[in-house]
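Here is a short tour of a protein chain for anyone who likes to know the fold before setting up a calculation. Take a look at the sequence and the coordinates, and then we can walk through the strands, the sheet and the pockets together.

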Amino acid sequence: MAQSNNSIKKILTVAFALCIVCSVIVSTAAVALRPLQQLNQELDRKTNILNVANLYESGMDVEAAFREITPRVVNMETGEYSDQHDPETWDGFEARRDPAASRTLSGERDPAGLSRVENYATVYLVGDPDDPEQIILPIRGQGLWGLMRGFLSVEGDGNTIVGITYYEHAETPGLGAEVNNPRWQAQWEGKQVFDDEGDLTPAIRVAKGSGSGEHEVDGLSGATLTSNGVTNMLQFWLSPEGFGEYLAKFRSGVDEDDAQDADVELEAEGA
């Protein structure tokens, strides 16, 4: 005897078959589109790097412009460049999951709320890699609602900020999400990270009602916790726990150049 079209068995059979067909379609699309998604992610990363360096222009050839930027892998402990990893493929963010490639942070050593951080990170050098015009650093830390990820660019002196940008966050629109507001980001240009050349403790901070000092940026209105999150992540990534030792090499290089120039002037005056 034929089953009714409204029978439970037929309904379940049709539903199961439909689920299988949909699953196959979705899986096939995901696999087929994965290379395109990876290309778009890579293009977005390069665009953000160019943007924080004030090199991005609408409609430009991003790949061509990015050829002026050199990625290098830095040993976070020593501040020295490393050939252990390929800078074109090394992903420090993913490496933090590997106990052999990362270290645990806690207490005062973890103001950004990261818990674990990679031992090697990729930086991006604008211009001559031996004497860069800018040094672009990846930064991240906890905001109000989750992890914030972005880039900070400093001049070749290892101290003067060029710009800051965030490409991933979950902050509140109109409040913490104003970290992406060009007017707020413009405040960072020219600010100084450190108080003096010998100090490895970053002085830069975000605080409501500030912004007039060389180490201060005005906080986001109604977003105190997000502002604190920005300060905390910079306090970590610009300290010896982060890129502090690496940046110190550029700052000491500036001192040596100044001293050499002064010696040349004195010799010229003596002559």
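## The hairpins around β6

Four residues make up the hairpin connection that leads from β5 to β6. In this predicted model, β5 covers residues 134-142 and pairs with β6 in the antiparallel sense, with nine bridges between them. If you would like a landmark for that pairing, Leu 137 stands opposite Leu 152 in β6.

On to β7, which spans residues 161-168 and runs antiparallel to β6, joined to it by six bridges. Here Val 154 faces Ile 161 of β7 as its opposite number. The hairpin of β6 and β7 has five residues between the strands, and one of its residues, Gly 158, takes a positive phi near 70°.

How buried is strand β6, residues 147-155? Seven of its nine residues are buried, so β6 is largely enclosed by the rest of the structure. The cut-off behind that statement is a relative accessible area under 20%.

## The sheet as a whole

These strands belong to an open sheet of five, ordered β1-β4-β5-β6-β7 with antiparallel pairing. At its edges are β1 (69-75) and β7, each of which pairs on one side only. Direction ignored, neighbouring strands of the sheet are turned by 30° against each other on average.

At the β1 end, seven bridges hold the antiparallel pairing of β1 with β4. Within it, Arg 72 has Val 123 in β4 as its bridge partner. Helix α5, residues 224-237, packs on the sheet and touches β5, β6 and β7, with its direction at about 125° to that of β5.

## The largest pocket

Now for the part you may want to open in your viewer. The largest pocket has a volume of about 710 Å³. It is lined by 28 residues, and those closest to its centre are Arg 45, Asp 91, Tyr 124, Arg 149 and Tyr 167. Two or more lining residues come from each of α1 (8-52), α3 (92-95), β4 (120-126), β5 and β6.

Which element gives the most to this lining? That is α1, with six residues. By residue class, the lining of the largest pocket has twelve nonpolar, seven polar and nine charged members.

## The second largest pocket

The second largest pocket holds about 170 Å³ of space. Its lining counts 14 residues, with Asn 51, Asn 54, Gly 163, Ile 164 and Gln 185 nearest the centre. At least two lining residues come from each of α1, β7 and α4 (182-186), and β7 provides the largest share with four. The lining of this second largest pocket is made up of eight nonpolar residues, five polar ones and one charged residue.

Helix α1 appears in the linings of the largest pocket and the second largest pocket, which makes it a handy reference when you move your view between them.

## The chain overall

Stepping back, the chain's secondary structure comes to six helices and nine strands. There are 271 residues in the chain, and 40% of them count as buried. Among contacts in the chain with a separation of 6 or more, 54% link residues that are 24 or more positions apart.

Notes. Residues numbered from 1 in each chain as written. Predicted model: local features only at pLDDT ≥ 70, side-chain atom pairs only at ≥ 80, totals over all residues. Heavy atoms only, no water. Buried < 20%, exposed > 50% of the residue type's maximum accessible area, 1.4 Å probe, protein only. Pairing = 2+ DSSP bridges. 1 Å grid on protein atoms, 1.4 Å probe; cavity = no way out; pocket = protein on both sides within 12 Å on 5 of 7 lines; lining within 4 Å. Points joined across faces, edges and corners; volume = space filled by probe spheres on them. Nonpolar A, V, L, I, M, F, W, Y, C, P; charged D, E, K, R; others polar. Axes fitted to C-alpha atoms, helices over the stretch in contact; angles between N-to-C directions. Contact = heavy atoms within 4.5 Å.
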